[in-house]
Amino acid sequence: MVVIQALEERILKEGTILPGEILKVGSFLNQQIDTGLLMEMGKEISVLFEKSGITKVLTIESSGMAVAFAAGFCIGVPVVFAKKHESLNLSDNLLTSRVYSYTHQKTYDIVVSGEYIAAGDKVLIVDDFLAKGNAINGLIEIVGKAGAELAGAAIAIEKGFQGGGDFLRAEGIRVESLAIIDSMSDDSLTFRR
């Protein structure tokens, strides 16, 4: 719980609310990373999912990679990330999904090599933000295409007012968010308690 309070305090102190319900946390989570806070977040995620039998952590490039790394390190499992563009160094066995990015206002074809996630894996999806749930749903689709089992999703910051987390929970997916923002205006935000 200490890490949750620390994260919420950093959001209030250093977060910037931009037009379009965008929350910028570049000073400690995205462009510049507070490594101490990051590792504490990874520890909290590992505690939340400690009895889940996770074998892989899955995220999407690029801003979710730091949180996913911290979680994977603390759990003791590899981290796999979906690329937003195919490249020549990917295998022929590709797992793909289409994802609309609310922040970037763009649709991506995300790609994971099938050699990194397969049947028998138990996958935890980790991301920095959850808004409408598009990225998480795309990653869930990839887990399904691999024949792997979904353990759930761990999120650093959930924009609860945008409904993605509530929708996923209603679908029976375990979603654990370290900070959930219930409302956000041009100059303030409130957290879910």
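Two strands are said to pair if DSSP finds at least two bridges between them, and this tour of a predicted model begins with a strand that has such partners.

Select strand β3, residues 56-60, and then show the rest of the chain around it. Five of the five residues of β3 are buried, so the strand is largely enclosed by the rest of the structure. With the side chains displayed, K56, L58 and I60 point one way from β3, whereas V57 and T59 point the other way.

Keep V57 highlighted and add strand β4, residues 79-82, which pairs with β3 in the parallel sense over four bridges; here V57 stands opposite V79. Next add strand β7, residues 122-130, which runs parallel to β3 and is joined to it by three bridges, with L124 as the bridge partner of V57 in β7.

Now bring in helix α3, residues 65-75, and follow the chain from β3 over this helix to β4, since these elements make a right-handed β-α-β unit.

Finally, move to helix α1, residues 2-14, whose 13 residues should span 18 Å at 1.5 Å a residue, which agrees with the 18 Å between its end C-alpha atoms. Which residues of α1 are buried? They are V3, I4, L7, E8 and I11, and they cover an arc of only 135 degrees around the axis, which puts them on the same side of α1. An α-helix has 3.6 residues a turn, so residues three or four places apart point the same way. Among the elements that cover the buried residues of α1 are α2 (35-48), β8 (149-159) and β9 (175-184). Turn to the face of α1 directed away from its buried side, and you will find the exposed residues V2, L12 and K13.

Terms used. Residues numbered from 1 in each chain as written. Predicted model: local features only at pLDDT ≥ 70, side-chain atom pairs only at ≥ 80, totals over all residues. Heavy atoms only, no water. Buried < 20%, exposed > 50% of the residue type's maximum accessible area, 1.4 Å probe, protein only. Helix = DSSP H or I, 4+ residues; strand = E, 2+ residues; numbered from the N terminus. Right-handed = clockwise from strand over helix to strand, strands pointing away. Expected span 1.5 Å × (residues − 1). Arc of directions from axis to C-beta. Contact = heavy atoms within 4.5 Å.
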